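Work through the exercises below with the sequence and the 3D structure at hand, and try each task before reading its solution.

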Amino acid sequence: MNTSNPGTLQNLEAAFGGESMANRKYLFFADLAKQLGHGELARLFRETAQQETEHAFAHFRLLHPELVVENPEALSQDAKDALLARCLELAIEGETYEFEVMYPEFAAQAQRDRDQGAVAEFNEQIDESKEHAGVFRTAARNFGLLAPVEQHHAGRYSQALQSLTGAGSGDNRATPTAGRWICKVCGVIYDPAQGDPDSGIAAGTPFEAIPEDWSCPICGTRKGNFVPYQG
């Protein structure tokens, strides 16, 4: 799609929003029809909702061609991680817009209209959108933390394979890596150069200086379950 055409881009965004809204609306109708004992009508609404989803997906693929994957098996792990990171970026962007701009403006308008029910609903949505954005940020952080863990696993398997086939140098023993510690439970690696900002541990903080009540950012185990990392 030619993204330099603002009119078409705006129309695609509107179409995506309309199809998405139709999907949720028809699912609501389906639930209502089911509650009222009309199973056939409920099925009709659900079938149509699924079709609207496919329409929305088609629009979204044009809006975000960078997320279209033809052959997942051909992608490297880095390429897969980049796609997932892009999804999280878009999710964080959307949720942040909701709690910073959209719902506050809606709540302010409801206040002016003296619609306290709407005010309460919009304020509740602000809190939920903040929570959703936080969850997506945590997921993005976790992906970053787990990448070196998987690299560590790959390295250990490579060493084991070399030892098994006799292709190694004869000494495959891991050597300690200064300053880095690894969780015995989940394998996450604490790097003092990065710290753990989400837990209040600033970059440059040596592992020994971390408070004893600190816990692993992935699995939550205690500090005592970390040992010096040998890579």
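**Exercise 1.** Find which residues are linked with Glu-66 in a network of salt bridges, and describe where the pair of Glu-66 and Arg-86 lies.

*Solution.* In this predicted model, the network of salt bridges links Glu-66, Arg-86 and Glu-89. Take one pair from it: the side chains of Glu-66 and Arg-86 meet in a salt bridge with an N to O distance of 3.1 Å, which fits the cut-off of 4 Å. Next, place the two partners: Glu-66 lies in the loop between α2 and α3, whereas Arg-86 lies in helix α3 (77-112), so the pair ties together parts that are 20 residues apart in sequence. Finally, consider their surroundings: Glu-66 is partly exposed at 36% relative accessibility, and Arg-86 is partly exposed at 27%.

**Exercise 2.** State how many salt bridges the structure holds, and examine the one that Asp-31 forms.

*Solution.* The structure holds 4 salt bridges. In the one formed by Asp-31, the partner is Arg-46, and the closest N and O atoms are 2.5 Å apart. This pair links distant parts of the chain, since Asp-31 belongs to helix α1 (residues 6-35) and Arg-46 to helix α2 (residues 39-63), with their positions 15 residues apart in sequence. Asp-31, with 36% relative accessibility, counts as partly exposed, and Arg-46, with 39%, also counts as partly exposed.

**Exercise 3.** Decide whether Lys-223 is buried or exposed, and do the same for Glu-212.

*Solution.* Begin with the contact itself, a salt bridge in which the side chains of Lys-223 and Glu-212 meet at 3.2 Å, N to O. Both residues lie in the loop between β2 (189-190) and β3 (226-230), and they are 11 residues apart in sequence. Lys-223 has a relative accessibility of 7% and therefore counts as buried, because buried means under 20%. Glu-212, by contrast, has a relative accessible area of 62% and is exposed.

**Exercise 4.** Explain why Cys-183 forms no disulfide with Cys-219.

*Solution.* A search of the whole structure finds 0 disulfides. For a disulfide, the two sulfur atoms must be within 2.5 Å. The cysteine sulfur closest to that of Cys-183 belongs to Cys-219 and is 3.8 Å away, which is too far for a bond. The same reasoning applies to Cys-186, whose sulfur is 3.6 Å from the closest cysteine sulfur, in Cys-216, and this is again too far for a bond. As for accessibility, Cys-183 is buried at 3%, whereas Cys-186 is partly exposed at 23%.

Key:
Residues numbered from 1 in each chain as written. Predicted model: local features only at pLDDT ≥ 70, side-chain atom pairs only at ≥ 80, totals over all residues. Heavy atoms only, no water. Buried < 20%, exposed > 50% of the residue type's maximum accessible area, 1.4 Å probe, protein only. Helix = DSSP H or I, 4+ residues; strand = E, 2+ residues; numbered from the N terminus.
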